[in-house]
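User: Could you go through this model with me? I'd like to ask about a few places in it as we go.

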Amino acid sequence: MSEIEKNKLHFFSLASGSSGNCYYLGTPAYGILIDAGIGIRVIKKALKDKGIDFHKIIAVLVTHDHADHIKTVGCLGEKHNIPVYSTERVHDGIDRSRYVDETLYLSRRVIEKGVPFTIGDFEIEAFEVPHDSSENVGYLITCGEQRFVIATDVGHITDVISRHLCMANHIILEANYDTEMLMGGSYPDFLKERVSSPTGHLSNRETAEFLATHYTPRMRNIWLCHLSRENNHPELACKTVTIRMSQEGIRVGKDVMLYVLKRTMPSEIFILE
């Protein structure tokens, strides 16, 4: 914990993919989870392995109500008394989900898109993200001078998403599939159409195009998230983005750092400064 204690803000991914999603953002005193689509034992172990006290988790932010993002929110909220924040429509979707064992009562916190709220030192704003769920939001989280944005399960990048991403120093953005792998793969046609639709997921090329054409010098770290197991490879996603950004004169590794988050394994801890 020595490195963490000397720095203000730190981040790591516990898991990022269709099998489950969960991210941690913390200060030396406490932290929050964004989504909780993996088991409680996995969450506790991942935090312990990083030297982070589970009891210092003070909130869970939920992006949307698909199973790979909400599996453990009931347990975290009702058994561990951790407030669970999301929009009313997402909460209603969680209530209907057969993947959540405990209904959120005392832990339920309703937020509105575009209305900032505060958790500790975090100032947070949810913004709309198109996806085929009850509702889907991304989050802009400001802590001191650092601005952190997550946008996952993105059907297409809207002006609202673009505006929030361009304010960020640190970005988590979906790069779900490679188009050729998806279209030439084993998915049935209806599923290929769903993934590639405007309410599905972002391809490597779409993500690369956005980052290349909207890069700003304030961007320091980019993490590609929610890669498909069947229709993508980490190396391919990274290469696609790196090549496209280089075409605009942006040097990945110098002008901005680029990482690919693992589907089922925790990442390293990143110090955000």
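Analyst: What follows is a walk through the sheet, its helices, some aromatic pairs and two buried polar residues, bearing in mind that this is a predicted model.

User: Start with the sheet, then: in what order do the 7 strands come?

Analyst: The order is β7-β8-β9-β10-β11-β12-β13, in an open sheet with mixed pairing. β7 (117-119) and β13 (257-260) are the edge strands, and because each has a single partner, one side of each is left without a neighbour in the sheet. From one strand to the next, the twist averages 20 degrees.

User: How do β7 and β8 run, and how many bridges join them?

Analyst: They run antiparallel and are joined by 3 bridges, with Phe117 standing opposite Ile124 in β8. The hairpin of β7 and β8 has 2 residues between the strands, and in this hairpin Gly120 takes a positive phi near 60 degrees.

User: And on the other side, how many bridges join β8 to β9?

Analyst: There are 6 bridges between β8 and β9, which also run antiparallel. Within β9, Val137 is the residue opposite Glu128, while Gly138 is the one opposite Phe127.

User: Which strands does helix α9 lie across?

Analyst: Helix α9 (residues 204-214) lies across β11 (170-174) and β12 (221-225), and its direction is at about 150 degrees to β11. Helix α10 (residues 234-247) lies across β12 and β13, running at about 155 degrees to β13.

User: Back to the loop after β8. Where does Glu135 lie, and is it buried or exposed?

Analyst: Glu135 lies in the loop between β8 (122-128) and β9 (137-143). Its relative accessibility is 8%, and since buried means under 20%, Glu135 counts as buried.

User: What is Glu135 in contact with, apart from its neighbours within four places in sequence?

Analyst: Glu135 is in contact with Thr63, His64, Asp65, Thr87, Arg89, Val90 and Lys113. With Lys113 there is a polar contact of 2.7 Å between the side chains. As for His64, which is 71 residues apart from Glu135 along the chain, the two C-alpha atoms are separated by 5.9 Å.

User: Ser107 caught my eye too. Where is it found, and which side chain is joined to it by a polar contact?

Analyst: Ser107 is found in the loop between α5 (88-96) and β6 (108-111), and its side chain makes a polar contact of 2.6 Å with that of Glu78. Ser107 is buried, with a relative accessible area of 4%. Leaving aside neighbours within four places in sequence, Ser107 is in contact with Gly77, Glu78, Ile82, Pro83 and Val84.

User: Changing topic, how many aromatic pairs does a search of the whole structure find?

Analyst: The search finds 11 aromatic pairs. One of them is Phe11 with Phe270, whose ring centres are 6.2 Å apart and whose planes are at 25 degrees, so the pair is stacked. This pair links distant parts of the chain, with Phe11 in strand β1 (residues 9-17) and Phe270 in strand β14 (residues 270-272), 259 residues apart. Both Phe11 and Phe270 are buried.

User: And why is the pair of Trp223 and Phe270 edge-to-face?

Analyst: The planes of Trp223 and Phe270 are at 70 degrees, with the ring centres 5.2 Å apart, so the pair is edge-to-face, the cut-off being over 60 degrees. Trp223 is in strand β12 and Phe270 in strand β14, 47 residues apart. Trp223 is buried, like Phe270. One aromatic cluster is formed by Phe11, Tyr23, Phe148, Trp223, Tyr259 and Phe270.

User: Which rings do the charged ends of Lys44 and Lys50 sit over?

Analyst: The charged end of Lys44 sits over the ring of Phe54, at 5.1 Å from its centre, and that of Lys50 sits over the ring of Phe12, at 5.4 Å from its centre.

User: Last one: how many residues of β1 are buried, and which way do β1 and β14 pair?

Analyst: In β1, 9 of the 9 residues are buried, so the strand is largely enclosed by the rest of the structure. β1 and β14 pair in the antiparallel sense over 3 bridges, and Leu272 in β14 is the bridge partner of Leu9. β1 is also joined to strand β2 (residues 20-26) by 7 bridges, running antiparallel, in a hairpin with 2 residues between the strands. Ala15 stands opposite Cys22 in β2.

Technical notes:
Residues numbered from 1 in each chain as written. Predicted model: local features only at pLDDT ≥ 70, side-chain atom pairs only at ≥ 80, totals over all residues. Heavy atoms only, no water. Helix = DSSP H or I, 4+ residues; strand = E, 2+ residues; numbered from the N terminus. Buried < 20%, exposed > 50% of the residue type's maximum accessible area, 1.4 Å probe, protein only. Contact = heavy atoms within 4.5 Å. Polar contact = N/O pair within 3.5 Å; in protein donor to acceptor, adjacent residues only side chain to side chain. Pairing = 2+ DSSP bridges. Axes fitted to C-alpha atoms, helices over the stretch in contact; angles between N-to-C directions. Phe/Tyr/Trp six-rings, centres within 6.5 Å; stacked < 30°, edge-to-face > 60°. Lys NZ or Arg CZ within 6 Å of the ring centre and 35° of its normal.
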